Amino acid sequence: MTLAVINKRILLAFFVSISLLWHAPSLAHDIKQGYIFLTISDDSISGRVEINIVDLNQALGLDIPAEKNAFREDVLPHLDVIKAYFNERMNINLNEGLRIDDFSLHTIPKVQFVAFPFSIDNLPDVPEYIDIEYTALFDVNTEHRGFIIIENDWRTGTFNDEGNIAFIFSPDDTKHRLDLTQSTTTQGYVEMFKLGVHHIWDGIDHILFLFALLLPSVLTRYKENKWHAKEKFFPAFMYVVKIVSIFTLAHTITLSAATLGFVSLSSRLVESIIALSIAVAALDLLTPIFRGRLWMIVFAFGLFHGFGFASVLSDYPIPDSYLTLSLLAFNLGVEAGQIAIVAAVVPVLFLLRNQFFYIPIILKLGAVVLIVVSMYWFIERGFEIDLPAGEYWNMFKALFA
């Protein structure tokens, strides 16, 4: 479990507990909590029930280790009893008992949870309403609370959101109706578009590759490898249009092919080559290795960047019936984000092109920095090792996750 997810869990428990204590001061400070996470699809509803081990032991008289980390073999002998308990104490009106086949364990500070995935398949259509009843643990602990959380719902653009509380169960409030009529396909497509924009802005390796291509756009290179500033903006603009169009064409091909399941590459290979692409593009700024054939390199590496985009899209539970249009919306978002970067960067580069520091510092020193950074990533990704600086970078990102 990532640091960001753990932080969300801790904050969720903290704020919900504070809220409940505010409205019910007679409750004890140690409020027990269970979670039901839902994923809404076009022909199925799935999710998982999460309950901490202390509560399971209390409800069923079990002896699963609670003072240390439990293991699968500690829970496995009790699985049938636990399944029967939740089949009796939790009901969704679309099925006759939940199908719970397996479980997993995860820990947040001081609390270890057992997660039981379930699924309700072969629905004729997404229902307008879901009636849910939850009575687990209320007979043995009146302080227990159950939370329904909509973790994934394509039509509302909700993906992997562990803080999206729909409602809360209590001993006096054990039934709720979940209204799905507010979900719309248009909203889903808008959210996929926004996801594409966000990804290109958040994908630092894609941005650095673009920078390596944009830095020479306002310059002209002569045969003796001398750089000179372009006099007019239009030639620079046309260079950018050509390069960005080739890059877009390439990554659109592989993004579509990978998302639709026609081709697949290992993420290790894809991410390594994406890192290498930055170094190769930057090296051409220091010495002319392509000599007029840059477009071929941009196209080749653009294919791998498309696989990188596809790996992001594959992380989201998009129903098959919405996949093609979701792919289109996501790709349009990527292009919109890319155009925004180009529109912001190129005019600034054009204004700076005649400055004495542009070629030696921005272009050449910038190329060296890009090469160093990209090779660092290449070593980490290609050999699957964590270099020291990577830990500090991950900690920095986690602070803003």
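Contact here means heavy atoms within 4.5 Å. Helices (H or I, at least four residues) and strands (E, at least two) are DSSP runs, numbered from the N terminus. Axes are lines fitted to C-alpha atoms, for helices over the stretch in contact, with angles from 0 to 180 degrees between N-to-C directions.

This is a predicted model: local features need pLDDT of at least 70, side-chain atom pairs count only at pLDDT 80 or more, and totals for chains, interfaces and linings use all residues. Residues are numbered from 1 along each chain as its sequence is written, and side-chain values use heavy atoms, leaving out hydrogens and water.

**Stop 1: helix 4 and its sheet**

Select residues 79-89. This is helix 4, which lies across strand 3 and strand 7 and runs at about 55° to strand 3. Now add the strands. They belong to an open sheet of three strands, order 3-7-10, with antiparallel pairing. Strand 3 (90-92) and strand 10 (175-179) are the edges; each has a single partner strand, so one side of each lacks a neighbour in the sheet. Neighbouring strands are turned by 15° against each other on average, direction ignored.

Zoom in on strand 7 (residues 129-134). Strand 3 and strand 7 pair over three bridges; pairing requires at least two bridges found by DSSP. Pick methionine 90: its bridge partner is tyrosine 134.

**Stop 2: helix 7**

Select residues 233-259. The expected span is 1.5 Å times one less than the number of residues. For the 27 residues of helix 7 that gives 39 Å, and the end C-alpha atoms are 38 Å apart, which agrees. Just after helix 7, click glycine 261, with a positive phi of about 85°.

**Stop 3: aromatic pairs on helix 7**

Rings of Phe, Tyr and Trp (its six-membered ring) pair if their centres lie within 6.5 Å; planes under 30 degrees apart are stacked, over 60 edge-to-face, the rest tilted. The count is 15 aromatic pairs. Show phenylalanine 209 and phenylalanine 247: a tilted pair, 5.4 Å centre to centre, with 50° between the planes. Phenylalanine 209 sits in helix 6 (residues 204-214) and phenylalanine 247 in helix 7, 38 residues apart.

Buried means under 20% relative accessible area, exposed over 50%, partly exposed in between (1.4 Å probe, protein chains only). Phenylalanine 209 is buried at 1%. Phenylalanine 247 is buried, also at 1%.

Next, phenylalanine 233 and phenylalanine 350. Their ring centres are 5.2 Å apart and their planes at 90°, so the pair is edge-to-face. Phenylalanine 233 lies in helix 7 and phenylalanine 350 in helix 10 (residues 323-352), so parts 117 residues apart in sequence are tied together. Phenylalanine 233 is partly exposed at 34%, whereas phenylalanine 350 is buried at 13%.
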